[in-house]
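Colleague: Please take me through the inside of this model slowly, in plain words. I'd like a close look at just that one part.

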Amino acid sequence: MSTHPSRHLLRARDLADRRYAEPLTVDDLAREAGWSTAHFAREFRRVFGETPHRFLLSRRMERAAALLRDTDRPVTEICHAVGLSSLGSFTARFTRVYGVPPTTYRATFPPAQRHLRIPACVTMAYGRPQTAVPEKHGSGSAA
């Protein structure tokens with residue numbers, strides 16, 4: 001029983017999804033699929049509608065956008081975290097994809113500090129209204 005050709009492509013696409021921040025090449029993806037680079041690139045484009053290289057860059061831009069929205073990390077650090085080495089190229093590509101530079105994109109979202117997640121047990125412990133405990137007076141006589 002042989003494996004359907006699309007399974008080979010899915011393995012390569014999954015590799016790009018998992019390891020987008022690493023210096024992956026089309027050769028690496030083709031090797032994961034078990035095909036020659038040229039055959040892999042043709043089939044990938046036919047099946048997924050974009051080249052493997054463009055797919056990988058798309059994943060990197062999506063992850064960069066998420067980091068810009070959800071963290072306060074510097075743009076340069078985000079550029080490197082998504083597997084790119086040139087801040088200029090990152091900014092140009094991000095602007096082409098999202099229509100604005102990374103810093104402008106970030107400014108359209110609330111500060112990342114508002115996204116902090118507080119465990120429910122902490123919220124319950126510190127978020128409950130405090131009820132005053134009535135003081136106990138000695139023998140019940142009025143003062």
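Modeller: Let's begin with a word we'll need all the way through: a helix here is a DSSP run of H or I that has at least four residues, and helices are numbered from the N terminus. Keep in mind that this is a predicted model. The chain has 8 helices and 0 strands, so its pattern, read along the sequence, is simply α-α-α-α-α-α-α-α. Of the 143 residues in the chain, 25% are buried. For that word, the cut-off is a relative accessible area under 20%.

Now for the inside itself. The largest nonpolar core has 28 residues, and the members that touch the most other members are L29, F40, L84, F90 and F94. Helices α1 (5-18), α2 (26-33), α3 (37-48), α4 (52-70), α5 (75-81) and α6 each put at least two residues into this core. The largest share, 8 residues, comes from α4.

Let's zoom in on L29, which sits in helix α2. L29 has a relative accessibility of 1%, so it counts as buried. Who are its neighbours? Setting aside those within four places in sequence, L29 is in contact with A12, L15, A16, L24, F40 and P52. Take A12 from that list: A12 and L29 are 17 residues apart in sequence, yet their C-alpha atoms are 5.0 Å apart in space.

Another of those well-connected core members is L84. Apart from residues within four places in sequence, L84 is in contact with L57, R60, M61, C79 and F90. Three of these names turn up again in α4, where the buried residues include L57, R60 and M61. Others on the buried list of α4 are P52, F55, L56, A64, A65, A66, L67 and L68. As for the helix itself, α4 has 19 residues and reaches 27 Å from its first C-alpha to its last, close to the 27 Å expected at 1.5 Å a residue.

Just past α4, have a look at T71, which is in the loop between α4 and α5. The side chain of T71 reaches back to the backbone oxygen of L67, at 2.6 Å. A polar atom of that T71 side chain also lies 3.3 Å from the backbone nitrogen of R73.

You can try the same length check on α6. It covers residues 87-98, and at 1.5 Å a residue those 12 residues should span 16 Å; the end C-alpha atoms are 16 Å apart, so the two agree. After α6 comes G99, whose phi is positive, near 85°.

Next, the rings. Across the whole structure, a search finds 8 aromatic pairs. One of them is F44 with F48, a tilted pair at 4.7 Å centre to centre, with 55° between the planes. Both F44 and F48 lie in helix α3, and they are 4 residues apart, which is about one turn of the helix. Are the two partners buried or exposed? F44 has a relative accessible area of 1%, so it is buried, while F48, at 24%, counts as partly exposed. Y105 and F109 make a tilted pair too, at 5.1 Å centre to centre and 55° between the planes. In this pair, Y105 is at 10% relative accessibility and therefore counts as buried, whereas F109, at 31%, counts as partly exposed.

That second pair belongs to something with more members: ring pairs link F90, F94, Y98, Y105 and F109 into a cluster. Remember F90 and F94? They are among the core members that touch the most others. F109 also has a charged partner, as the charged end of R69 sits over its ring, 6.0 Å from the centre.

One last stop is H8, which is found in helix α1. With a relative accessible area of 17%, H8 is buried, because the cut-off is 20%. The side chain of H8 reaches the backbone oxygen of A33 at 3.0 Å.

To finish, step back and think about how the chain is joined up. Among contacts between residues at least 6 apart in sequence, 53% join residues at least 24 apart.

Definitions and conventions
Residues are numbered from 1 along each chain as its sequence is written. This is a predicted model: local features need pLDDT of at least 70, side-chain atom pairs count only at pLDDT 80 or more; totals for chains, interfaces and linings use all residues. Side-chain values use heavy atoms; hydrogens and water are left out. The expected span of a helix is 1.5 Å times one less than its number of residues. A nonpolar core is a set of buried Ala, Val, Leu, Ile, Met, Phe, Trp, Tyr and Cys residues joined through side-chain atoms within 4.5 Å. Buried means under 20% relative accessible area, exposed over 50%, partly exposed in between (1.4 Å probe, protein chains only). Contact means heavy atoms within 4.5 Å. A polar contact is a pair of N or O atoms within 3.5 Å; within protein, one must be able to donate a hydrogen and the other to accept it, and residues adjacent in sequence count only if both atoms are side-chain atoms. Rings of Phe, Tyr and Trp (its six-membered ring) pair if their centres lie within 6.5 Å; planes under 30 degrees apart count as stacked, over 60 as edge-to-face and the rest as tilted. A charge sits over a ring if NZ of Lys or CZ of Arg is within 6 Å of the ring centre and within 35 degrees of the ring normal.
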